[in-house]
Structure formats: structure tokens, C-alpha cells
Amino acid sequence: MSIFRSMVTYILLVIGAVIVMFPIGYAFIISFLSGAQLLQGVLWPDEWSLRNYVTAFEKVPLLRYLWNSFIVSFIVMIGQLLVSSLAAYAFVFLRFWGRDVLFFMTIATMLIPWEATVIPNFLTIQKLGWTNSYLGLTVPFFALAFGIFLLRQHFKTIPFELYEAAQVSGVRHFRFFWYVVLPLSKTSLATLGVYSFLTTWNMYLWPLLVTNDEKVRTVQIGLKQMQTQEMATEWGVVMAAVVIVIMPTLLLLFIGQKQLQKGLMQGAIK
Amino acid sequence: MIELVQIGKSYDGKTFVVDDVNVRIEKGEFFVLVGPSGCGKSTLLRMIAGLEPITSGSLRINGKEMNDVPPSERNLSMVFQNYALYPHLTVEENITFGLHTKKISKQERKKRCMEAAEMLGLTDYLKHKPRQLSGGQRQRVALARAIVAQTPICLMDEPLSNLDAKLRAKMRFEIRQLQQQLGITMIYVTHDQIEAMTMADRIMVMNGGRVQQIGEPLDVYNHPANIFVASFIGSPAMNMTKADVLEQSLIFNRERIMRLAHRFPLETKNITIGVRPEHIRLANKNDPYFTVKVVNVERLGTETLITFALTKKEHWIARWNGQCSVRVGDEVPVTIDEQHVLFFNEAGERLYMGVGDDYVSFRETKF
């Protein structure tokens with residue numbers, strides 16, 4: 001019975017995996033096909049040449065875009081970690097009037113769809129003259145209600161006596177935050193870090209709005225640009241670029257999987 | 001010197017969990033707050049530490065009002081019940097963590113840490129993490145952390161309650177010794193009356209947020225101010241029984257009469273009497289005695305606890321030295337020195353009587 005059950009489970013899992021992985025796998029195969037082969041309906045390349053990859057780098061400044069994406073994602077990640085952890089620290093360890101109300105208001109902002117805030121945010125960025133700059137691409141994302149929530153839940157699991165002991169022995173807030181709270185919250189910080197890096201990496205609408213030259217443009221815009229540049233899209237080249245772009249995502253997922261699972265679980269249970 | 005003047009604590013503004021506490025704790029004193037759980041002793045300690053705001057009254061340390069001073073500026077150290085060690089730091093880092101903010105040079109920090117570690121036998125464990133240590137060692141790290149701060153006042157909140165009995169006895173001695181060596185003023189919270197009796201210069205017994213009695217341990221033991229203190233301090237607990245007053249006699253559940261050498265004031269009708277187990281002894285030949293039936297015998301080696309039936313409903317315990325050969329079911333003659341009998345009125349307050357040195361005599365009655 002249990003063998004039967006696990007067989008069914010595994011078959012379902014394999015089917016699921018195939019469905020989920022198919023687009024990525026197919027994109028990978030296409031990236032090695034020439035335009036003509038693709039039109040003929042060839043499903044397997046005869047030779048594994050990197051021609052499409054080379055073309056992808058030649059056609060658009062892909063390297064520049066990758067670098068921009070990396071910089072933007074990295075800054076947003078650091079910014080979110082910093083802002084979320086500081087805010088969460090205040091919500092957990094500081095006593096001030098209206099603390100809980102403020103926290104629930106912060107949480108409530110998660111109900112507002114991000115798209116609804118795009119226009120006002122854009123106007124603000126424009127007024128500040130931050131269009132076409134890393135500032136405009138990163139700063140609006142520093143405050144993240146989800147991040148504050150995730151870290152607050154983790155900070156709450158730190159025994160309050162640690163804080164009190166620090167208070168009695170005269171340890172200042174920042175020292176306690178930096179040397180006790182952060183090291184004890186490594187898993188949640190890693191989770192949040194990976195999460196914010198990936199969401200920023202995959203962002204499309206906002207970079208499209210606030211950038212209009214290739215100096216700071218990110219890689220997702222680059223992909224779109226590649227499709228629209230010519231009448232007849234060279235899908236092989238586009239897919240080669242796609243494979244390059246999803247590489248960091250996959251790497252992060254494989255490396256950070258354990259941490260990510262741990263962190264998300266912790267947030268859920270405790 | 002720490003002064004508490006009419007200190008009170010209330011969370012909702014109506015009911016006070018700590019009420020009207022007045023006490024003066026002298027420099028270098030080992031002062032123990034003792035009481036059952038929920039009596040407000042920990043809250044009081046946390047108010048002294050500054051971790052809990054004071055609702056009413058004033059707290060003075062060395063004559064300076066401290067009510068609104070943050071804990072870090074009260075110049076005291078504290079040991080928590082669960083030790084509150086930083087799990088990711090080594091023993092050494094744990095001990096010196098609080099010193100960094102006090103503008104103490106690196107050499108001095110190192111020196112103090114080594115001294116404290118030596119004093120508490122932690123020298124070999126300085127590089128270990130707390131989770132690699134046993135309960136007793138963790139406790140010592142917490143103590144070391146309190147010591148290195150070299151503050152004149154140290155607060156301890158039930159520091160030994162997580163240890164097993166044997167280790168607890170050892171640590172009692174060590175803490176006491178440490179306190180005397182360093183001459184610190186210690187305020188120590190415990191629910192364990194043995195800790196209170198063995199360690200304290202003075203104890204303060206609390207119940208329901210109110211101070212019941214303050215005094216030297218033996219003084220409190222011998223002269224409890226009320227029924228609560230009498231029953232809380234001492235193990236096994238003091239034998240207590242309600243009695244009706246009839247001139248010079250007390251009647252227990254209409255079964256036994258106890259004759260006293262003096263009269264009670266006229267208005268007293270119902271009282272409670274208390275006798276410590278060690279004051280009930282086997283009667284000698286010429287003593288007035290009363291016979292009791294033994295219900296249970298516990299032989300502890302050095303002493304024997306004998307439970308006997310005073311009345312049908314009430315059992316008393318007598319503590320005799322040595323290993324008595326009394327058996328369950330035996331009828332034994334016992335006697336009580338009258339000076340060792342304590343009287344309490346209906347409200348539970350102690351009645352101070354002119355105490356005679358006769359023995360009290362019990363008689364069976366038939367109504």
C-alpha cells in the first residue's frame with residue numbers, strides 16, 4: 001500500500017516537474033537552434049554551437065544590462081534588509097505609544113496592489129529627477145511590509161531576557177541589534193535577501209517606466225528590446241539571452257534552497 | 001543603599017500587583033525576596049532594575065531618586081532565571097559583552113574576564129558556546145557576567161531554579177561566598193524558603209503583592225508575624241489548627257482540649273495555633289503528655305518525620321532526631337513546650353501572649 005502510494009506521489013511529482021520545467025528546457029534547446037531550423041520545426045539541434053549566445057551579446061549591450069540588473073538587485077536587497085530589520089527591531093524591542101497600531105498599518109499596506117502605487121511613485125521619482133538613475137530604480141523598494149513582517153516574527157522568537165540583560169549591562173540599541181539580533185536571525189535574513197534579490201531581478205514594469213537609455217536599463221527590458229528590435233524575431237538569439245538571464249535565479253535557488261525553505265517555514269510556524 | 005518608599009505596581013490602574021512596599025536595603029547586605037509564585041517579588045525586582053516602570057512610590061539608590069532612570073544608568077547587574085546568555089557568542093564574549101560600552105580598555109576587559117572565570121572555574125570553557133555547557137556552568141557564566149561589571153548592586157531572579165537539588169546546594173554556597181568576597185549589595189528573588197533561610201542576611205516575605213514580614217531569617221522563623229509567614233517558612237510546614245477558646249483552654253474540633261498557663265483576652269473566641277514539627281517531642285516520664293495515633297512515618301536517616309492524628313480531620317507532623325522505631329498505628333505519648341506554641345487571631349495576625357514556660361496539656365474530650 002505504502003509503495004503504491006509513494007509511486008503515485010512520485011508519478012504526480014514527475015508530471016508536475018515536467019510541466020513546470022518544460023518552458024525552461026524548451027527555451028534552452030531553442031537557444032541552440034538557428035532561425036531556419038526553428039521554422040522547419042526541428043526539435044533537437046544537430047550541433048551545440050554557441051553562435052546564438054555570441055549574437056545575443058552583440059545585438060544588445062547584454063553585459064551592460066546584466067551588470068545594471070545585478071547592481072540594482074543588490075542595492076535593493078541591501079536596502080530592504082537594512083530597512084526591514086531596523087523597522088522590525090523597533091516593532092519588537094522598543095516600547096512606544098501606538099506601536100502595534102503602526103505595525104498593523106504597515107502590514108495593511110500589503111493589501112494595496114503594487115501597480116496601484118506605480119503612478120504616484122513615478123511622479124515622485126520624476127520630480128526628484130531620479131529617472132534614468134540607480135536611485136530611481138532602487139529607493140522606492142526599500143520599505144517592504146513583507147520583509148518587516150517576516151523579520152518581526154523571527155525577532156519575536158529571540159528571548160526577551162536577552163534584550164533586558166543587554167539593557168541592564170548598558171549595551172546600546174545598535175550594538176545589541178548588530179551583534180545579537182542580526183546573527184541570531186541569519187536564516188530569515190538569508191530568506192529575505194534571496195527573495196528581494198530575485199523579485200528585483202525579475203522586475204519589468206518599473207524599470208521600463210523610469211529608464212529610457214541603456215546606461216541603467218536592466219536585463220528584463222533588454223530581453224523585450226531584443227524581441228521588438230526587428231520585424232522577424234530571431235527566437236534562437238532571444239532564448240539564448242533568456243537562458244543567460246535566468247542563470248542567476250537558478251543559481252541562487254540551488255544554493256539558497258535549504259536556507260529559503262528553513263526561513264519560510266520558521267516564519268510560518270512561529 | 002537602596003530605599004523603597006511606598007512602591008506600587010499596577011498594570012490596569014485599579015488592581016495593584018505590588019502594593020505599598022517600604023524597605024531599606026543596606027550596603028553589602030544579602031537581601032532575599034521570598035514568596036509563592038505570583039506574589040509580586042519578581043515584579044518588584046524588575047522595578048528595581050528598571051525593566052518595569054514604577055506605578056507609585058519612589059525608589060532611591062544611594063539617596064538619588066531612580067524612578068525614571070534607565071536600567072543602564074542605575075549601575076547594577078542582573079542574573080536572569082533562564083541565564084539570558086547570548087547563544088551565538090562564546091563564554092568569553094558573553095562575559096565581556098556588556099563591558100564594551102563602558103569605556104574599559106581591552107587589557108582591563110581581558111583581566112576582569114580572566115578573574116571572573118577563575119573565580120567561578122570557567123577558565124577551560126572560555127572558548128565554548130553556551131549550548132556546549134551544562135546547566136551549572138551556564139549559571140556560572142551568568143554569574144561571571146554579573147561580576148565583571150563590578151557594579152555595587154547585583155539583582156538575581158530565581159537564578160537556581162533550573163538546577164538540580166545537589167547543584168543548587170553548591171551554588172547557594174558559591175553565590176553567598178562571592179557576595180561576601182566582593183562586598184556587593186545583593187537582592188535575590190526566590191520562591192524556595194530554604195534558599196532564603198540559608199543565604200540571606202535579611203529576608204522579606206511577600207504574598208499577594210504585599211510585604212508580610214521583613215527580618216533576619218531566624219527571627220522570621222521563630223517569630224512569624226502572621227499565619228502566612230508561619231506556614232511558608234519552614235519545611236515541613238508549621239502545624240496549624242483552628243481552635244475555640246474557652247477561658248484558659250483551647251478546644252480542637254470538639255475532640256481535644258489544650259490547657260494553657262494563661263488566659264486569653266475576653267473577646268477572643270476563635271484562634272489558630274501553630275507548632276513547629278521539631279517542638280513536638282516524645283514525652284518523658286514526668287512530662288504532662290497526650291497520646292496520639294501515628295498515621296505515617298518517614299525515616300530520613302538523620303531525622304524521622306511522624307505524622308499523627310490530632311483530631312479526626314487534622315494531621316500534625318512531628319520531627320524527631322535520629323531513626324525512631326515508631327510504627328504506623330502506634331499510640332505514642334507526646335508533649336509540647338508552651339513557649340513554642342504560636343497563636344494567631346481570625347485575621348491571621350499573630351497574637352503575642354505572656355508566654356508561660358509550662359507544658360501544655362491535651363485531653364481527650366467527650367461532648
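These legends walk through several close-up views of a predicted model.

**View 1. How confident is the predictor in this model?**
The scores for the predicted model are ipTM 0.83 and pTM 0.81. For chain B, the mean pLDDT is 88, with 95% of residues at 70 or more. Which strand of chain B has the lowest confidence, and which has the highest? Strand E22 (residues 359-364) of chain B sits at the bottom with a mean of 58, while strand E3 (residues 30-34) of chain B comes out on top at 96. Keep E22(B) in mind as you look around, since its confidence is the lowest in chain B.

**View 2. Annotated transmembrane regions in chain A.**
An unreviewed UniProt entry annotates "transmembrane region" at residues 7-33, 70-94, 101-122, 134-155, 176-198 and 235-255 of chain A. Two of these stretches are worth a closer look. Residues 7-33 of chain A are 89% helix and 0% strand, and 36 Å separates their end C-alpha atoms. Residues 235-255 of chain A are 100% helix and 0% strand, with end C-alpha atoms 30 Å apart.

**View 3. Where chain A meets chain B.**
In this contact, chain A contributes 15 residues and chain B contributes 18. Which helices of chain A each supply at least two residues to the side that touches chain B? They are helix H9 (160-168) and helix H10 (173-184) of chain A. H9(A) gives the most to this side, namely six residues. By type, the side of chain A that touches chain B holds eight nonpolar, three polar and four charged residues.

**View 4. The two domains of chain B.**
Chain B splits into domain 1 (2-232) and domain 2 (239-364). Their C-alpha centres are 39 Å apart. Where the two touch, domain 1 of chain B provides seven residues and domain 2 of chain B provides eight. On the side of domain 1 of chain B that touches domain 2 of chain B, five residues are nonpolar, two are polar and none is charged.

**View 5. A six-stranded open sheet in chain B.**
Follow the strands across this open sheet of chain B and you will meet them in the order E6-E7-E8-E3-E9-E10, with mixed pairing. Why is one side of strand E6 (76-79) and of strand E10 (210-215) of chain B left without a neighbour in the sheet? Both stand at the edges and each has a single partner strand, so one side of each has no neighbour there. From one strand to the next, the twist averages 15°. Zoom in on strand E7 (residues 153-157) and strand E8 (residues 185-190) of chain B to find a parallel pair with five bridges. Within this pair, Leu155(B) has Ile187(B) of E8(B) as its bridge partner.

**View 6. Strand E16 of chain B and its antiparallel partners.**
Strand E16 (residues 290-299) of chain B pairs with strand E17 (residues 303-309) of chain B in the antiparallel sense, over six bridges. One landmark here is Val297(B), whose bridge partner in E17(B) is Ile306(B). The hairpin of E16(B) and E17(B) has three residues between the strands, and Gly301(B) takes a positive phi near 95° in this hairpin. E16(B) also runs antiparallel to strand E19 (residues 331-337) of chain B, joined to it by four bridges. There, Val292(B) finds its bridge partner in Val332(B) of E19(B).

Terms used:
Residues numbered from 1 in each chain as written. Chains lettered and ligands numbered in written order. Predicted model: local features only at pLDDT ≥ 70, side-chain atom pairs only at ≥ 80, totals over all residues. Pairing = 2+ DSSP bridges. Nonpolar A, V, L, I, M, F, W, Y, C, P; charged D, E, K, R; others polar. Axes fitted to C-alpha atoms, helices over the stretch in contact; angles between N-to-C directions. pLDDT = per-residue confidence, 0-100. UniProt positions renumbered as here; feature names shortened; annotations may be inferred. Domains from an automatic or database assignment.
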